[in-house]
Every structure is written in C-alpha cells, then in structure tokens.
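The following account leads through the architecture of a single protein model, from its sheets and helices to its cores and charged pairs. The reader is invited to keep the structure in view throughout.

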Amino acid sequence: MPSENPFRLVSPFEPTGDQPKAIAKLIEGVKNGEQHQTLLGATGTGKTFTMANVIAAVQRPTIVIAHNKTLAAQLCSEFQQFFPENAISYFVSYYDYYQPEAYIPHTDTYIEKDASINAEIEKYRHAATMNLLTRRDTLIVASVSCIYGLGNVEDYEALAIKLERGIHIQRDTLLRRLTDIQYRRSHLEFKHGMVHVLGDTVEIFPPSADTVIRMEMPFDEVENLQEVDSFTGEIIRELQEVVIFPASHNVTSKEKIEHACEGILAELKEREAELLKKGENTKAERLRQRTEYDVEMLRETGYCMGIENYTRYFGNAGLAGQPPSTLLDYFPRDLLCIIDESHMTIPQIGGMHEGNRSRKQTLIDYGFRLPSAHDNRPLTFPEFSDRTHQRIYISATPAKYEWEHTPKAWMTEQIIRPTGLLDPLIIVKQTKGQVDDIRREIDATIDRKERSLVTTLTKRLAEDLTKFFQERQYKVRYLHSDVETLERIEILRKLRTGEIDVLVGINLLREGLDLPEVSFIAILDADKQGFLRSRDALIQTIGRAARNVHGHVTLYADHETVAMRGALEVTNRRRTIQEAYNRKHGITPKSIEKAVHDISEEERKLELRRPRHDHTKIPKDEKLRLMKELEEQMAIAAESLEFEKAADLRDEVDLLRRELGMFR
C-alpha cells in the first residue's frame with residue numbers, strides 16, 4: 001500500500017494579488033468534482049505557485065503535462081523547491097536519438113529501429129513509477145510521452161521483490177528472481193539495472209536511484225541490509241526492508257510469456273495464410289522468420305527487440321484495439337491532471353495517434369510486423385480523457401478546446417503579478433525606417449543595462465539583422481533551431497549576464513522561460529498572417545517582456561490585423577486592471593530579480609566551488625565512470641535551463657578530467 005505522507009508546501013511567500021482568489025476557486029472546483037477548469041494566467045503572475053497551493057490543499061497524486069522536455073524540466077525544478085519533502089518526479093521520453101522502425105515501399109528500404117537512450121532520464125522514469133506505487137504524495141511532471149505504452153502496471157508491481165532483514169532466501173534463488181525481472185550480472189562495470197555478487201554479499205543497483213542496495217546473506221539469511229553510495233561504497237543508512245522493482249517496465253511472468261507466445265504464433269499462422277492466399281510469398285516468409293525469432297527470444301530471455309509491438313498479448317489480454325498500459329495507469333483513479341500551456345499541449349496529445357498508425361500500417365502491409373503491432377500506440381484523446389477525470393488547463397491564451405469544455409463559472413483569471421508589474425506597453429510603428437528605430441530602442445535598452453529580443457518571420461532576415469548589428473559592434477547573437485541545447489543555454493546565460501545585449505530569432509522562447517533582464521521586444525512583420533503572428537502567438541511573445549518594469553514591445557506593421565487588434569485589446573485590458581489594483585493597494589511595480597550564476601572564465605574554472613563528491617574517497621578506476629555520469633546529469637540540467645546546476649556539474653567534470661590527466 002502506498003504511504004500516506006501529505007504534500008507539504010514550503011515557500012517564504014504568501015499568495016498575493018489574484019492568487020488567493022484563483023487558489024480558492026480551483027480548490028473548490030476540484031473538491032466539487034468539476035472535470036474541466038481553466039486558469040487563464042498572464043505571464044509572470046505565479047501560476048506554478050498557485051498550482052502548488054492547490055496540490056497542497058487537495059492532497060492528491062498529480063500529473064503535470066507540458067508540451068516539451070525543456071518546459072517540463074523547468075516545472076519539475078520549481079515543484080521540487082515547493083515540495084522538498086515529497087516525491088516530485090520527471091517523466092519524459094528517454095531517447096536522445098530515436099529512429100522508429102519503418103519501411104519505404106517505393107525504394108524498397110527497410111529502416112531498423114535505432115535509438116540512443118539517456119540513462120539519466122531512464123532513471124527518472126523508473127523513479128516516477130516506483131514513487132507512484134509506494135507513495136501518495138507523488139507529483140510527476142511529464143511530457144506527452146506519458147500517453148505512450150509503458151508496460152503492464154500489474155506485472156510491474158507483482159514482480160517486485162520485497163527483501164527484509166532476517167528473511168531466509170537462497171542466494172541463487174534471489175539471483176534467478178532478479179534475472180527474471182531483467183537485472184543483469186555485472187562484469188567490468190556496475191550500472192543501473194545490474195546485480196553484483198561477491199561471496200555472501202549481493203549488491204543490487206536499482207534503475208531508479210544513484211544508490212546501491214547491499215545485502216550480506218550468510219547461511220541463506222539476509223543478515224545486513226544497507227543503502228550505500230554507488231561510487232564510494234560508503235554506507236548511507238541501515239535498512240529494515242526494501243522493495244526491488246523490475247529493471248524494465250516491459251516485464252512479465254513466465255506464465256504470461258508462454259501464453260503470449262501462443263497468441264503471437266496463432267496470429268502469425270492466420271496472417272501468413274492471408275498473405276499466401278494473395279500470392280505474397282516473400283512477405284509471408286519474411287513475417288514468419290521475424291516473428292518466430294522474436295518468440296524464441298521471449299521464451300529464452302523474457303525479452304526481445306521490439307517487444308512493445310506485442311502489447312496486445314502482454315497487457316491487453318489478447319484483445320485487439322485495446323489501449324496500451326501507460327504512465328496514467330500507474331496513478332490511482334483520483335489523480336489530478338494539470339495541463340500546462342494547454343493551448344499547445346492539448347493539440348499535441350490529440351495528434352499523436354494518427355501519425356503513429358500510418359507508419360505501422362506500412363510495416364504490416366509488407367510483412368515486417370503482425371497486425372497486432374497497431375496496439376503499440378499512444379492513447380487517443382478520448383482514452384486520455386477517460387484516464388484523467390479532473391483536469392486543470394493553464395494558459396495565458398486558452399484555445400478552442402478549453403473555452404468549449406470549461407464552464408464559464410470555472411474559467412479563472414489570474415492577472416495581477418506579485419511584483420506589481422504591468423503587462424508591457426505595446427506600440428505599433430510603420431515598417432519604414434524600422435531598422436533605425438530598432439537600433440535606437442536597443443541603444444536606450446543598453447543604457448539601462450537591460451536586454452532586447454528581435455523576432456522575425458524568416459531565417460534570412462534574422463541572419464541579415466544579426467550581421468548588420470555585429471558590423472556596428474553590438475553584442476548580438478542569432479538563435480535558431482540548429483543550435484544545440486548546451487550552446488543554446490550558454491547563449492541565454494550570456495544574454496542574462498550582459499555578455500550579449502541582443503538576441504535575434506524567428507520564434508524566440510514564447511512559452512515558459514524567465515528572462516527578467518529583457519525590457520524591449522521588436523516584432524517585425526507583425527501584420528503578416530500566420531501561426532507566428534496569430535493573436536495568441538503575439539500575446540505569448542509580448543509576455544516575454546512582462547518581467548521587467550521597463551518592459552515594452554514594438555509591433556512593426558503597415559496595417560492593423562485582427563490578430564494584432566486582439567493582442568492589443570487583451571494586453572490593454574490587463575494593464576487597466578493591474579494599474580487599478582496597484583493604485584488601490586499602493587504598490588510600486590518592480591522588476592523580477594532572479595540570480596544568474598557567474599560562470600567564470602577558463603582560469604577560474606580551476607577553482608571548483610564545492611565538489612558534489614569527495615574525490616579522495618573514489619578509487620581511480622571509478623572516476624571515469626563518475627565523470628560520464630556527471631556529463632549526463634549536466635546535459636539534463638542544461639536542457640532544463642538550470643544554469644547554476646549545469647555550471648557546477650561542468651566544473652566538477654573539468655576537475656575529474658584534470659585528475660585523470662585528460663584535460664586539454
């Protein structure tokens with residue numbers, strides 16, 4: 001049974017402005033059983049803090065869904081600060097690179113599935129499912145990968161091994177059970193999902209943590225049970241009991257494997273007969289060879305490449321068309337679902353199913369997969385809805401779905417910012433002489449020691465503008481989709497610290513990123529119709545200047561579009577409400593202050609502030625493994641925009657490189 005620890009919100013702040021009213025309304029809606037609620041929150045009004053207060057009040061397991069990994073990681077970091085004593089997990093796709101299995105008929109090209117799995121993210125995913133099965137105080141921040149198949153929750157929970165100090169169990173029996181749930185014996189290295197044996201001592205490295213479970217079991221009795229540091233071997237704490245969850249989510253019992261194999265072979269026989277009847281002998285032979293090989297691997301090892309394509313026989317009781325087991329099935333029925341930036345996330349959830357089906361159909365038609373491969377799919381939107389009975393949508397610009405499904409009484413506005421900041425002032429100017437005007441605005445912004453963003457509609461114009469300003473000695477960079485994550489983070493850090501004054505791009509960070517130093521935004525071609533100049537896109541872009549007291553935006557256009565008029569109306573209405581509130585309460589607006597870690601130059605990198613690990617306790621042959629582990633963690637921190645954490649990790653990696661004689 002999951003433990004009953006309560007969510008406990010830890011924050012030096014109290015709800016202010018619109019927050020108390022929004023919190024009370026949302027709590028009331030959840031307790032009344034309302035299925036749809038929307039928090040229409042302006043940028044910078046503390047929507048995450050509002051949701052943290054709601055979660056602490058309703059005390060229910062919660063999933064927060066974001067539309068990309070970066071935003072999900074940022075939200076996870078914020079919730080971890082609000083709930084330091086609770087189980088806050090991060091669940092996103094664990095692929096750094098993913099090439100799905102595919103077949104291109106007109107060139108007769110078969111593309112085998114190829115993927116690079118990020119071990120650090122895989123650890124977070126295992127921690128998420130473990131927390132859900134052992135604790136009620138669990139909050140998971142996820143991307144839309146939460147609607148993809150994950151493995152049957154009943155098997156995952158039933159096959160977990162509970163170990164207690166003093167129990168009698170043969171060492172070989174334990175090792176066989178660990179092998180059955182996908183643990184591997186270690187050889188040269190000891191990593192997540194491995195077991196190491198030395199005499200009567202057995203060490204298990206769970207996939208969900210950075211610590212190892214060590215057991216001493218002389219005479220087939222668990223005499224000592226400890227949690228130890230995976231690098232130093234230092235004892236962290238003594239344990240009375242521990243639950244070892246499977247090393248893979250796709251795990252099941254031998255009985256189910258045999259039953260599944262029988263079902264797979266029966267479908268193979270039926271499908272092979274269909275193909276032979278059509279005279280498609282090559283396809284039939286290909287399908288038979290591939291499927292029989294998979295069945296043989298399943299019977300021998302309990303696993304095969306592409307096991308997810310047999311979801312029907314492992315999780316759906318052999319029934320066609322049934323939805324796969326997903327992360328949502330690991331939650332209890334009373335989960336609370338929060339959809340962040342819902343105007344982006346809901347369409348993404350709804351669009352996953354059809355694209356997946358089209359690719360699978362080609363593989364089935366040409367004898368690469370059985371028809372049951374269709375059951376390895378993301379949930380449809382109705383299936384997602386059936387698993388999330390109460391949803392709160394969060395957006396500064398709710399879309400059609402939110403407006404249609406949320407009763408007017410449960411559409412909650414949050415416009416007032418705790419700092420008293422107003423929505424940015426918007427000015428519309430003609431395009432004639434726009435470059436000179438932008439230059440004057442940038443000069444004034446630099447004089448205030450603040451930063452500027454310039455958004456364009458074409459890559460060519462962005463590059464030309466960047467070159468123009470560079471030739472005139474401005475500290476300017478161009479940000480585009482080809483810039484790798486770590487370099488992107490470095491550019492943003494330099495913008496915040498003042499090493500860069502101006503950032504130029506096409507779609508500059510519309511949702512979910514705090515840049516309080518930005519006080520001027522130029523939007524070129526504001527009157528061009530299209531996605532990047534829609535009403536909602538303009539409102540989101542304008543919101544990037546809402547964290548600075550001098551925040552203002554210039555729309556360069558030769559005529560006013562419906563989208564521009566809509567963005568101006570929304571922004572001006574908010575400014576009127578905010579100004580009235582400030583006057584009534586005597587509030588003087590002030591810019592948000594958010595620290596930026598000072599990442600020093602090459603010489604000062606040598607002076608590490610505080611290593612996260614005591615290197616004197618780590619054997620030399622373990623330092624290389626530690627370095628690789630820290631590099632993975634640094635990539636995650638960089639992607640989540642955690643500048644300070646990424647910098648600390650990079651410094652420690654540099655120190656390890658020196659100790660190993662690898663530093664250039």
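**Sheets, cores and charged pairs**

Helix α17 lies across β20 and β25, and runs at about 150 degrees to β20. The model in which this packing is seen is a predicted one. A second helix, α13 (residues 434–447), lies across β20, β21 (451–455), β23 (502–505), β24 and β25, and its direction makes an angle of about 175 degrees with β24.

The strands beneath these helices belong to an open sheet of six, ordered β20-β25-β24-β21-β23-β22, in which the pairing is parallel. The edge positions are taken by β20 (425–429) and β22 (476–479); each has a single partner strand, so one side of each is left without a neighbour in the sheet. On average, neighbouring strands of this sheet are turned by 20 degrees against each other, direction ignored. Within the sheet, β24 (residues 518–523) and β25 (residues 552–556) run parallel and are joined by four bridges, with Phe520 standing opposite His552 in β25.

Antiparallel pairing appears elsewhere in the chain. Strands β13 (residues 211–216) and β14 (residues 224–229) pair in this sense over six bridges, and Val212 stands opposite Val228 in β14. Strand β14 also runs antiparallel to β15 (residues 235–238), to which three bridges join it; here Gln226 stands opposite Glu238 in β15. The hairpin of β14 and β15 has five residues between the strands, and Gly233 takes a positive phi near 75 degrees in this hairpin.

Helix α2 offers a check of geometry against expectation. It comprises twelve residues (47–58), which at 1.5 Å a residue should span 16 Å; the end C-alpha atoms are 17 Å apart, which agrees. The helix is mostly covered, ten of its twelve residues being buried. Among the buried residues are Phe49, Met51, Val54, Ile55 and Val58, as well as the polar Lys47 and Asn53. Just after α2, Gln59 takes a positive phi of about 55 degrees.

How is the nonpolar interior organised? In soluble globular proteins, nonpolar side chains tend to be buried together. The largest nonpolar core in this model has 33 residues, of which Met51, Phe79, Phe83, Leu139 and Ile392 touch the most other members. Two or more residues come from each of α1 (19–31), α2, α3 (69–82), β3 (87–91), β8 (138–142), β17 (336–340) and β18 (391–395). The greatest contribution is that of α3, with seven residues. Beyond its neighbours within four places in sequence, Phe83 is in contact with Phe7, Arg8, Leu9, Ala52, Ile55, Ala56, Ile88 and Leu139.

A second, separate core has 30 residues, including Ile63, Ile65, Tyr156 and Leu335. Ile65 lies in strand β2 (residues 62–65) and is buried, with a relative accessibility of 0%. Its C-alpha atom is separated by 4.9 Å from that of Ile339, although the two residues are 274 residues apart along the chain. With neighbours within four places in sequence left aside, the contacts of Ile65 include Ala142, Val144, Cys146, Cys337, Ile339, Ile349 and Phe384.

Charged side chains complete the picture. Side chains of opposite charge can pair when their charged atoms come close. A search of the whole structure finds 42 salt bridges. In one of them, Arg369 pairs with Asp294, the closest N and O atoms being 3.4 Å apart. Arg369 lies in the loop between α10 (342–365) and α11 (381–387), whereas Asp294 lies in helix α8 (residues 281–301), so the pair ties together parts that are 75 residues apart in sequence. Both partners are buried: Arg369 has a relative accessible area of 9%, and Asp294 has a relative accessibility of 8%.

Another salt bridge joins Arg575 to Glu579, with 3.8 Å between the closest N and O atoms. These residues are four apart in helix α17 (residues 562–585), and are thus separated by about one helical turn. Arg575 is buried, at 16% relative accessible area, while Glu579 is partly exposed at 31%. Salt bridges that share partners also join Glu101, Arg290, Asp294 and Arg369 into one network. Finally, Arg565 and Glu560 meet in a salt bridge of 3.1 Å, N to O; Arg565 is partly exposed at 35% relative accessibility, as is Glu560, with a relative accessible area of 42%.

Terms used. Residues are numbered from 1 along each chain as its sequence is written. This is a predicted model: local features need pLDDT of at least 70, side-chain atom pairs count only at pLDDT 80 or more; totals for chains, interfaces and linings use all residues. Side-chain values use heavy atoms; hydrogens and water are left out. The expected span of a helix is 1.5 Å times one less than its number of residues. Buried means under 20% relative accessible area, exposed over 50%, partly exposed in between (1.4 Å probe, protein chains only). A salt bridge is a side-chain nitrogen of Lys or Arg within 4 Å of a carboxyl oxygen of Asp or Glu. Contact means heavy atoms within 4.5 Å. A nonpolar core is a set of buried Ala, Val, Leu, Ile, Met, Phe, Trp, Tyr and Cys residues joined through side-chain atoms within 4.5 Å. Two strands pair if DSSP finds at least two bridges between them. Axes are lines fitted to C-alpha atoms, for helices over the stretch in contact, and angles run from 0 to 180 degrees between N-to-C directions.
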